[in-house]
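I opened the model to look up a few strands, loops and one pocket. My entries follow in the order in which I made them.

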Amino acid sequence: ITVNGDNPATVELGSTYTDAGATSDGGETVVSVGTVDTNSVGTYTITYTATDAAGNVGTATRTVNVVDTTAPVITITGDNPATVELGETYIDAGATATDLDTVSVTQAPINVDVFVVGSYTVTYFATDASGNTATATRTVNVVDTTAPVVTLTGAATVTVELGDTYTDAGATSDGGETVTSSGTVDTNT
């Protein structure tokens, strides 16, 4: 018996396997026994048998290796890029992964500093049971779209005697931003 095609043969997990068969030198019918489960990584054997008119039996085997060389596909949950307001709490929405094999998703430590405006990256990793890996990233933008609240120091209305010197008490902002003032007070008029 001559096994046709590759021996051993390799097929990707989840693909369709079509056996190339075998032939006998005397033209006898070749019968094959064995199955290949392309949904499970592993090694499978197909046995070929042929019997001639004199009752002589010939056999041959083919090894079929079902392998997983395909990386998982990571899907980021929620917005990407994501936006968080300065000073607010950032809660990551996570990610999922799909694969024909068992797969797990892990995440690098989140390094989003919600107290510093900027762009940050959250990285996700997926590894399937065969050791194939994939990565995906989410961009998180920390933004400041809220106007500062300015609070006057002292009274909002001040009375100054004509000719005296006026010294402004100033103001502060809730976020520590620099507060500038404009305008003049003419105490001589």
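Entry 1, V33. I asked which residues V33 is in contact with, leaving aside neighbours within four places in sequence. The contacts of V33 are T45, I46 and T47, where contact means heavy atoms within 4.5 Å. V33 lies in strand β4; strands here are DSSP runs of E of at least two residues, numbered from the N terminus. I then checked whether V33 is buried or exposed. V33 is exposed, at a relative accessible area of 56%; buried means under 20%, exposed over 50% and partly exposed in between, with a 1.4 Å probe and protein chains only. From V33 to D144 I count 111 residues in sequence and 69 Å in space, C-alpha to C-alpha.

Basis of the entries. The model is predicted, and local features need pLDDT of at least 70, side-chain atom pairs count only at pLDDT 80 or more, and totals for chains, interfaces and linings use all residues. Residues are numbered from 1 along each chain as its sequence is written, and side-chain values use heavy atoms, with hydrogens and water left out.

Entry 2, the sheet with β4. I found an open sheet of four strands in the order β2-β6-β5-β4, with mixed pairing; two strands pair if DSSP finds at least two bridges between them. Its edge strands are β2 (9-12) and β4 (31-33), each pairing on one side only. From one strand to the next the twist averages 25°, taken between lines fitted to C-alpha atoms, with angles from 0 to 180 degrees between N-to-C directions. Strands β5 (residues 42-51) and β6 (residues 57-67) run antiparallel and are joined by ten bridges. T45 has T63 in β6 as its bridge partner.

Entry 3, β2. I noted that β2 and β6 pair in the parallel sense, over four bridges. V11 stands opposite V66 in β6. The side chains of β2 alternate: A9 and V11 are buried and point to one face, while T10 and E12 point to the other and are not buried.

Entry 4, T23. I placed T23 in strand β3 (residues 22-23). T23 is partly exposed, with a relative accessible area of 40%. Not counting residues up to four places away in sequence, T23 touches I1, T2, N4 and V30. T23 and A50 are 27 residues apart in sequence, and 8.6 Å separates their C-alpha atoms.

Entry 5, cis peptide bonds. I looked up where P8 is found. P8 is in the loop between β1 (2-3) and β2, and the bond from N7 to P8 is cis, with omega near 10°. N80 and P81 are also joined by a cis peptide bond, with omega about 10°. P81 sits in the loop between β7 (73-76) and β8 (82-85).

Entry 6, β7. Along β7, I74 and I76 point to one face and are buried, while V73 and T75 point to the other and are not. β7 pairs with strand β9 (residues 95-98) in the antiparallel sense over four bridges. A95 in β9 is the bridge partner of I76.

Entry 7, the largest pocket. I read a volume of about 220 Å³ for the largest pocket. Of the 15 residues that line this pocket, L152, Y166, D168, A169 and G170 are the closest to its centre. A pocket is an open set of points, on a 1 Å grid over the protein atoms alone, where a 1.4 Å probe fits, with protein on both sides within 12 Å along at least five of seven lines; lining residues have an atom within 4 Å of a point. The volume is the space filled by probe spheres set on the points, which are joined across faces, edges and corners.
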